[in-house]
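Colleague: I'm new to this one. Can you walk me through a strand and a ligand site?

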Amino acid sequence: MAFALPVWLAVQDELLRHGEADCGTPSRFDDFDDEALFQMFHLTRPCIAFITDAVRARMKTVTLDKLGLSVDAMVMVALNYYAHGVSSAVILQRIGLRQTDCTAIIVGTVSGVIAGMSDQFVSFPLTPDAKANVAVKTEELCGIPSVLGVLAPAHFKIRASPYEKNTFRSFVNTLGYTSVVSQIICDSDGNILSVEKCCMGSTSEQEMWESSFRGREIEKDLHGPFWVIGGKGYHLSKHVLTPVSEPANDSEICFNKAHAKIHDVMRTTLGSMKRRFRCLMQLGFAQEASLSKKSNIIKACSVLHNIAKKFSVPPPPVAGKIEALHPGKQHSAPVEIDPEALKARQKLIEDNFSFVSSSQDSGGNNITEDNV
Ligand SMILES: *[C@@H]1O[C@H](CO)[C@@H](O)[C@H](O)[C@H]1NC(C)=O
Ligand SMILES: *[C@@H]1O[C@H](CO)[C@@H](O)[C@H](O)[C@H]1NC(C)=O
């Protein structure tokens, strides 16, 4: 469980109250049957009702008066945009919006409100219990102990103008397309535990990690003796556990397999987010100055992803292949590996992944020596 229990009790409470209050006030979403609702928003009715209530509680009345729309209508436009990356004519017609240019303002406003909910719904494990819980589940999945989450850069495609050469180049990532990139940490169930930053696509994940809030906290030992799982693009440290680049024996191969297994959770998590919220497949034009709007949309979708998971709403089915994880920036100069970190990783491999070799060659040799 990624969220502290009190938060989810409050959530349930809010939900129950909603159920009661809802009897008298039909929601605009009631016009859709369940199937149409899922088609339009990739979410279910109780989940949408919960989101609408949460937004209503946080939306300033000034904003609503200025736009002359109800919260229902605004949430409807925003959720529809997240699900499809464009606004459906059906929705705009239904709420009586003629100018589609209004939709950018609506999506911007709602995204700001939902992104602001990340304090509550995107929660990094802070208490000893919460940390132990994440670590135990991860160890059950892959056998690596003391892991607080899986760390990765998440790239989202954008359009950038090739006429602005320098800016354009900064948006081109190592896969050769223009993107913005955020830093995401998830748990072994695919709940998002942290989402930070929205940088131009060429930014390396190591650079983001070192300047990120979570990264600095974790590297300063503020979270205790825990690891986060990172891909090849990160430097091995006392808290970032990377795979062994050239595995030399069965133990290391075995460790790398476990690492790949848990790391893959991030790929499926991002894949499921991009299926549910297709706006993340193409976030539109970006200038350097407008990154905060993209950032709000990415954070909003992370909040909604966690809420959808709590309500057990599956994402739309896979169409085609799930995108591979970004391979990570190659280091131009060989990185000096922190010897302490190397020792810690070797100890982990020895303690938890050496059982394989003991039943093979080296084990056999030992027995012979003993016998002699
Ligand atoms: C595997 O290789 C690493 C690196 O060479 C070494 O430190 C470790 O002791 C080896 N483990 C076994 C079980 O041979
Ligand atoms: C990993 O090693 C530690 C330390 O020896 C041990 O306490 C733990 O049970 C091991 N976990 C697994 C899954 O082998």
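**Strand β2 and ligand 2**

Modeller: Sure, keeping in mind that this is a predicted model. Let's start with the strand pairing.

Colleague: Okay. In which sense do β2 and β3 pair, and over how many bridges?

Modeller: Strand β2 and strand β3, residues 192–200, run antiparallel and are joined over 6 bridges. As an example, I184 is opposite V195 in β3.

Colleague: And what about the link between those two?

Modeller: The hairpin of β2 and β3 has 5 residues between the strands, and G190 has a positive phi near 85° there.

Colleague: How does β1 pair with β2?

Modeller: Strand β1, residues 147–157, pairs with β2 in the antiparallel sense, over 8 bridges. P153 has Q183 in β2 as its bridge partner.

Colleague: Is β2 buried or exposed?

Modeller: Strand β2 spans residues 179–186, and 8 of its 8 residues are buried. That holds for both faces: S179, V181, Q183 and I185 are on one side, with V180, S182, I184 and C186 on the other.

Colleague: Changing topic. Which residues surround ligand 2?

Modeller: E139, G143, D351 and N352. By type, that shell has 2 polar residues, 2 charged and no nonpolar.

Colleague: Which side chains have an N or O atom by a nitrogen of the ligand?

Modeller: Two examples: the E139 side chain has an N or O atom 2.9 Å from a nitrogen atom of ligand 2, and for the N352 side chain the distance is 2.5 Å.

Colleague: How much of ligand 2 does the protein cover?

Modeller: The protein covers 41% of the 360 Å² of accessible area that ligand 2 has on its own.

Methods
Residues numbered from 1 in each chain as written. Chains lettered and ligands numbered in written order. Predicted model: local features only at pLDDT ≥ 70, side-chain atom pairs only at ≥ 80, totals over all residues. Heavy atoms only, no water. Buried < 20%, exposed > 50% of the residue type's maximum accessible area, 1.4 Å probe, protein only. Helix = DSSP H or I, 4+ residues; strand = E, 2+ residues; numbered from the N terminus. Pairing = 2+ DSSP bridges. Near = heavy atom within 4 Å. Polar contact = N/O pair within 3.5 Å; in protein donor to acceptor, adjacent residues only side chain to side chain. Areas by Shrake-Rupley, 256 points an atom, 1.4 Å probe, with all protein chains shown as cover. Nonpolar A, V, L, I, M, F, W, Y, C, P; charged D, E, K, R; others polar.
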